[in-house]
Amino acid sequence: MPFTLATWNINSVRLREGLVSRLMTEEAPDVLCLQECKSPVEKMPLETFAALGYGNVVARGQKGYNGVAILSKLALEETGSFDFAALGHARHVAARLENGVTVHNFYVPAGGDVPDRDKNEKFGQKLDYLTEMRDWAHGEKPGKSILVGDLNIAPREDDVWSHKQLLKVVSHTPIEVDHLGAAQEAGGWVDITRKDIPEGPLFSWWSYRSPNWDAADKGRRLDHVWATPDIANAGHSSRILREARNWEQPSDHAPVFATFDL
């Protein structure tokens, strides 16, 4: 049976409970992975989501910051979480579906504003987090797995509105792209979105600072759907729901979708 998965940095699940409900109602993905929930698990509006058919939940919460959740119409078995770089943050949770596929939901640190670990501790933490993602994938050699989330890096030149202007901007610097590439290579992860949409600009995030984000279109593709090689060919129908960025009181991220015939 095919299933559709979506990943979305919601930027406060309590503030945007209505937007999550709208996505569940209008788009109805089988599995919805949220990042930056900014809430302890017990304060997430899980009863609202359960009433819409998403009663299967695994989550890690944190007051005011971070937080990840997997909300599903399908049965889930929690398989744990990682605290890469020992930050003590709620940045990862994983669950296994009944078909044996494990879904990893990640929220990689943003890295602050200065791309220099000597001047900016947060940038160093981001690089360390990615290094430990690489080491985990290399050692674990995951199979039958999907990795999604806000990875906070736009790796390709056409994943940003201006490659030249963003080369020294956090999220598109060469060292970040190299670290993400090493993590991807270590697990053999296939970028499903770019497998389906191999050419052309593709963005999932637009800054709140832009008063006319849609017309300016100064976006970045920070949100990703990856799969291990053994199931990558089953992934298809990738899309980014750009219009969600224009919903009332939106997140600055748009949901990213993919369907898997598994």
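A salt bridge is a side-chain nitrogen of Lys or Arg within 4 Å of a carboxyl oxygen of Asp or Glu. The model in the viewer is a predicted one, and this tour starts with such pairs.

**First stop: Arg242 and Asp214**

Select Arg242 and Asp214, which form a salt bridge whose closest N and O atoms are 2.7 Å apart. Arg242 lies in the loop between β13 (235-240) and β14 (256-261), while Asp214 belongs to helix α7 (residues 213-216), so the pair ties together parts that are 28 residues apart in sequence. Arg242 is partly exposed, with a relative accessible area of 27%. Asp214 likewise counts as partly exposed, at 38% relative accessibility.

**Second stop: a network of charges**

How many salt bridges does the structure hold? The count is 16. Next, select Arg156, Asp158, Asp159, Asp191, Arg194 and Arg221, which are linked in a network of salt bridges. Within this group, zoom in on Arg156 and Asp158: their closest N and O atoms are 2.9 Å apart, and the two residues form a salt bridge. Arg156 has a relative accessibility of 28% and therefore counts as partly exposed.

**Third stop: helix α3**

Select residues 121-140, which make up helix α3. The helix has 20 residues and reaches 28 Å from its first C-alpha to its last, close to the 28 Å expected at 1.5 Å a residue.

Begin at the N-terminal end, where Asn120 caps the helix. A side-chain oxygen of Asn120 lies 3.1 Å from the backbone nitrogen of Lys122. Then move past the other end: just after α3, Lys141 takes a positive phi of about 45 degrees.

Now colour the buried residues of α3, namely Phe123, Gly124, Lys126, Leu127, Tyr129, Leu130, Met133, Trp136 and Ala137. An α-helix has 3.6 residues a turn, so residues three or four places apart point the same way. Display the surrounding elements as well: what covers the buried residues of α3 includes the strands β6 (92-97), β7 (102-107) and β8 (145-150), together with helix α5 (174-187).

**Fourth stop: Lys126 and Glu176**

Keep Lys126 selected and add Glu176. Their side chains meet in a salt bridge of 2.6 Å, N to O. The pair links distant parts of the chain, with Lys126 in helix α3 and Glu176 in helix α5, 50 residues apart. Are these two residues buried or exposed? Both Lys126 and Glu176 are buried.

**Fifth stop: Arg16**

Select Arg16, in the loop between β1 (2-9) and α1 (17-26). Side chains of opposite charge can pair when their charged atoms come close. Arg16 is buried yet has no salt bridge, and the nearest side chain of opposite charge, that of Asp252, is 7.0 Å away.

Which side chain does Arg16 join in a polar contact? The partner is Tyr208, at 3.3 Å. To show the wider surroundings, add Ile10, Asn11, Tyr208, Gln249, Pro250 and Ser251, with which Arg16 is in contact when its neighbours within four places in sequence are left aside.

**Last stop: Cys33 and Cys37**

Finally, select Cys33 and Cys37. The structure holds zero disulfides. Why does Cys33 form no such bond? The closest cysteine sulfur to that of Cys33 is in Cys37, 10 Å away, which is too far for a bond. Cys33 counts as buried because its relative accessibility is 0%, and Cys37 also counts as buried, at 0%.

Technical notes
Residues are numbered from 1 along each chain as its sequence is written. This is a predicted model: local features need pLDDT of at least 70, side-chain atom pairs count only at pLDDT 80 or more; totals for chains, interfaces and linings use all residues. Side-chain values use heavy atoms; hydrogens and water are left out. Helices (H or I, at least four residues) and strands (E, at least two) are DSSP runs, numbered from the N terminus. Buried means under 20% relative accessible area, exposed over 50%, partly exposed in between (1.4 Å probe, protein chains only). Lys and Arg count as positive and Asp and Glu as negative; His and the chain ends are not counted. A polar contact is a pair of N or O atoms within 3.5 Å; within protein, one must be able to donate a hydrogen and the other to accept it, and residues adjacent in sequence count only if both atoms are side-chain atoms. Contact means heavy atoms within 4.5 Å. The expected span of a helix is 1.5 Å times one less than its number of residues. A disulfide is a pair of cysteine sulfur atoms within 2.5 Å.
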